[in-house]
Amino acid sequence: MKHLISPQDLSVAELEAVLTLAEEIAAAPDRFSDCCRGKKIATLFYEPSTRTRLSFEAAMLNLGGSVLGFSSADSSSAAKGESVADTIRVVSSYADICAMRHPKEGAPYVASLHSSIPIINAGDGGHNHPTQTLTDLLTIKSLKGRLSHLTIGCCGDLKFGRTVHSLINAMSRYEGIRFVFISPEELRIPTYLREETLDANQIEYKEVRTLEEVMPSLDILYMTRVQKERFFNEEDYIRLKDSFILNNEKMKYAKPDMLVLHPLPRVNEIATEVDEDPRAVYFKQAQLGVYVRMALIMTLLGAERPNGN
Ligand code: CP
């Protein structure tokens with residue numbers, strides 16, 4: 001049995017296989033409508049979500065399976081003090097696979113130690129969000145045609161931003177990847193990522209303080225929200241929240257084929273005027289999240305492909 005707790009839990013070959021299956025599903029989703037008939041996914045969300053929870057549920061429903069779960073800690077027995085370990089022991093006998101989001105780093109990993117069904121980390125605190133990364137990689141592969149030889153700008157909250165952390169971990173395994181990190185000093189990427197992932201793999205990167213100075217060099221601009229819920233101090237949040245706002249004026253300096261990604265939700269870091277720019281692909285990205293989660297569920301459950309494949 002395999003769990004997906006961090007992007008490195010999938011080898012590059014396994015990752016490519018999931019992306020290839022996701023592309024097949026995207027081309028003809030109806031063909032996969034019976035692949036998980038009779039199977040159930042538990043979505044245990046201890047923290048708010050729109051895309052991740054609903055796309056996991058849509059994915060399982062699209063595969064012919066069923067869904068159960070909770071969308072907040074308050075509506076589960078966590079509110080009475082039940083541990084993640086006890087919860088997953090019980091849920092293992094109700095469902096075949098589980099997607100878990102939790103505000104504490106490592107909670108889905110703890111669940112995996114006590115689970116008899118595959119656990120998918122659907123976001124743990126400021127740590128990792130591997131299925132967002134699968135979504136991001138599918139978006140880049142589908143629209144750029146490659147996952148190598150790209151200059152990727154990551155902008156916003158790089159300290160607490162789990163989507164950026166997972167993206168760095170996953171993309172650092174591809175050839176010719178360069179990163180440009182655009183953040184205020186207080187929200188720089190964590191030291192452990194610089195040392196253990198970027199330096200250890202000799203990945204080229206630079207850190208800058210303005211978007212304008214690097215826009216012309218980017219193939220991908222990965223925007224992120226400054227996350228109010230990760231700050232201990234509201235004053236710091238208010239001071240930093242509007243640090244980087246992408247608008248049409250800044251887009252003028254970007255390559256004609258640069259892609260703007262964002263895991264969403266957006267607050268105000270991308271002006272809505274940018275939505276009309278064909279390079280803004282964040283809503284397409286959210287749509288692709290369903291197909292990649294269908295592929296992941298099939299892979300972790302060992303589901304047969306439809307006849308004819
Ligand atoms: N991208 C993402 O994780 O969105 P949600 O918080 O809405 O799930």
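1. A good place to start is the ligand, which is surrounded by S49, T50, R51, T52, R101, H129, Q132, P263 and L264 (a residue counts here if one of its heavy atoms lies within 4 Å of the ligand). By class, this shell has two nonpolar, five polar and two charged residues (Ala, Val, Leu, Ile, Met, Phe, Trp, Tyr, Cys and Pro count as nonpolar, Asp, Glu, Lys and Arg as charged, and the others, Gly among them, as polar).

2. Please keep in mind that this is a predicted model, in which local features need pLDDT of at least 70 and side-chain atom pairs pLDDT 80 or more, while totals for chains, interfaces and linings use all residues. Residues are numbered from 1 along each chain as its sequence is written, and side-chain values use heavy atoms, with hydrogens and water left out.

3. Now the polar contacts (pairs of N or O atoms within 3.5 Å). The side chain of R51 places an N or O atom 2.9 Å from an oxygen atom of the ligand. A nitrogen atom of the ligand lies 3.0 Å from a polar side-chain atom of Q132, and a polar backbone atom of L264 is 3.0 Å from a nitrogen atom of the ligand. The protein buries 91% of the 260 Å² that the ligand exposes when taken alone (Shrake-Rupley method, 1.4 Å probe).

4. L264 deserves a second look: the peptide bond from L264 to P265 is cis, with omega near 5 degrees. P265 is placed in the loop between β9 (259–261) and α10 (282–301) (helices and strands are DSSP runs, H or I of at least four residues and E of at least two, numbered from the N terminus).

5. Another backbone point to check is H149, a residue other than glycine with a positive phi, near 55 degrees. H149 is found in the loop between α5 (130–144) and β5 (150–155). For context, most residues other than glycine have a negative phi, and most peptide bonds are trans.

6. Finally, the structure holds four aromatic pairs (ring centres of Phe, Tyr or Trp, the last by its six-membered ring, within 6.5 Å; planes under 30 degrees apart are stacked, over 60 edge-to-face, the rest tilted). The ring centres of Y46 and F70 are 5.2 Å apart with planes at 85 degrees, so this pair is edge-to-face.

Technical notes. A polar contact is a pair of N or O atoms within 3.5 Å; within protein, one must be able to donate a hydrogen and the other to accept it, and residues adjacent in sequence count only if both atoms are side-chain atoms.
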